[in-house]
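These are my notebook entries on one protein structure. I looked up ring pairs, charges over rings, a lysine and a surface patch.

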Amino acid sequence: MGFHAQLERSWSAAGSMLCVGLDPDPGRFPASLGDGPEAIERFCREIVDATADIACAFKPQIAYFASQRAETALERVCEYIRSEHPQVTLILDAKRGDIGSTADHYAREAFIRYGAHAVTVNPYLGTDSITPFFDPKNNPDGGGAIMLCRTSNPGGDDFQSLVSDDGSGAKPLYVHVAERAASEWSQLGDCALVVGATYPTELADVRSIVGDMPLLVPGVGAQGGDAGTVREHGAAASGRGLMVNSSRAILYASDGDDFADAARAEAQRTAAALSC
């Protein structure tokens with residue numbers, strides 16, 4: 001099943017639009033977990049088991065694994081999610097962006113090595129950096145590409161808010177990205193966009209452009225975004241359409257051996273504002 005169909009399944013199963021980010025930082029683990037890739041895998045599996053019934057998606061961030069030489073642990077975590085919690089959408093947060101054969105390999109990494117339902121992509125290099133993610137040889141199961149559009153960090157203003165005119169009128173760069181995604185990239189395969197919870201006005205702008213296209217919304221929790229505000233400004237007409245990510249606020253709700261129970265409690269609080 002393709003990314004969009006999988007996501008619809010996930011919204012129905014969870015009854016919420018909560019996405020749990022998996023950003024494992026061993027420095028914040030309880031001492032009882034130990035260290036090394038095995039500790040990272042165990043931490044992630046316990047978080048997954050504690051929240052899978054109320055999350056529409058899990059989003060492992062590849063850098064947190066790669067920096068710890070834990071890519072094999074990431075493979076096992078992804079396989080675990082796919083086998084034990086198949087109703088939950090798996091998003092690889094890699095923000096890849098390149099062209100030609102390099103982009104082919106980035107796509108195979110996401111869809112074949114890690115088995116992701118979707119991967120985050122940086123569209124700055126243009127359409128030919130996105131096309132490889134929809135090539136069946138790289139993406140045999142109809143996985144999705146989630147393009148950066150209006151990110152949650154303050155520095156996103158440096159470029160994303162710059163006004164330019166491509167002949168269709170002067171508008172911010174993030175609007176050009178949203179329009180291209182709606183009119184062109186969505187014809188290549190299942191697309192979504194990243195729009196930060198910290199910019200609710202821009203979130204509403206993007207929703208008005210892309211219709212019911214899914215939006216991945218980071219920035220709730222530790223970055224200060226509010227789940228209810230995100231839903232108000234970003235939900236599609238169906239009442240769905242969002243994957244609202246919270247990572248650190250859930251993962252590190254406790255630094256003790258009760259970390260999984262504390263994570264579930266925090267996830268429940270966030271999910272309650274994101275029912276669908």
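**Notebook: aromatic rings, charges and a patch**

**Entry 1. Aromatic pairs.** I noted at the outset that I am working with a predicted model. I began with the rings and found a count of three aromatic pairs. I then looked up F43 and Y252, whose ring centres are 5.8 Å apart, with 15° between the planes. This pair is stacked, because planes under 30 degrees apart count as such.

**Entry 2. Where the partners lie.** I asked which parts of the chain F43 and Y252 belong to. F43 is in helix α2, residues 37-51, whereas Y252 is in the loop between α10 (248-251) and α11 (259-272). The two residues are 209 apart in sequence, so their pair ties together separate parts. I also recorded that F43 and Y252 are both buried.

**Entry 3. Another pair with F43.** I next examined F43 and F259. Their ring centres lie 5.1 Å apart and their planes meet at 20°, so I entered this pair as stacked. Here helix α2 holds F43 and helix α11 holds F259, so the pair ties together parts 216 residues apart in sequence. Are these two residues buried or exposed? F43 has a relative accessible area of 2% and is therefore buried. F259 is at 3% and therefore counts as buried; the cut-off for that word is under 20%. Finally, I wrote down that F29, F43, Y252 and F259 form one aromatic cluster.

**Entry 4. Charges over rings.** I looked up where charged ends sit over rings. The charged end of R45 lies over the ring of Y80, at 4.0 Å from the ring centre. R150 is placed over the face of Y199, 3.7 Å from the centre of that ring.

**Entry 5. A lysine in a strand.** I turned to K59, which is in strand β2, residues 57-60. Its relative accessibility is 5%, so I listed K59 as buried. What does K59 contact, apart from its neighbours within four places in sequence? The residues in contact with K59 are C19, V20, G21, L22, D23, I91, D93, L216 and N245.

**Entry 6. A nonpolar patch.** I closed with the surface. I99, Y124 and L125 form a nonpolar patch there, and together they have about 340 Å² of accessible area. I99 is in the loop between β3 (89-96) and α5 (100-113). With a relative accessible area of 40%, I99 is partly exposed, because that term covers values between 20% and 50%.

Key: Residues numbered from 1 in each chain as written. Predicted model: local features only at pLDDT ≥ 70, side-chain atom pairs only at ≥ 80, totals over all residues. Heavy atoms only, no water. Phe/Tyr/Trp six-rings, centres within 6.5 Å; stacked < 30°, edge-to-face > 60°. Helix = DSSP H or I, 4+ residues; strand = E, 2+ residues; numbered from the N terminus. Buried < 20%, exposed > 50% of the residue type's maximum accessible area, 1.4 Å probe, protein only. Lys NZ or Arg CZ within 6 Å of the ring centre and 35° of its normal. Contact = heavy atoms within 4.5 Å. Patch = residues over 30% accessible without salt bridge, like charges linked within 9 Å, V, L, I, M, F, W, Y side chains within 5 Å. Areas by Shrake-Rupley, 256 points an atom, 1.4 Å probe, with all protein chains shown as cover. Salt bridge = Lys/Arg side-chain N within 4 Å of Asp/Glu carboxyl O.
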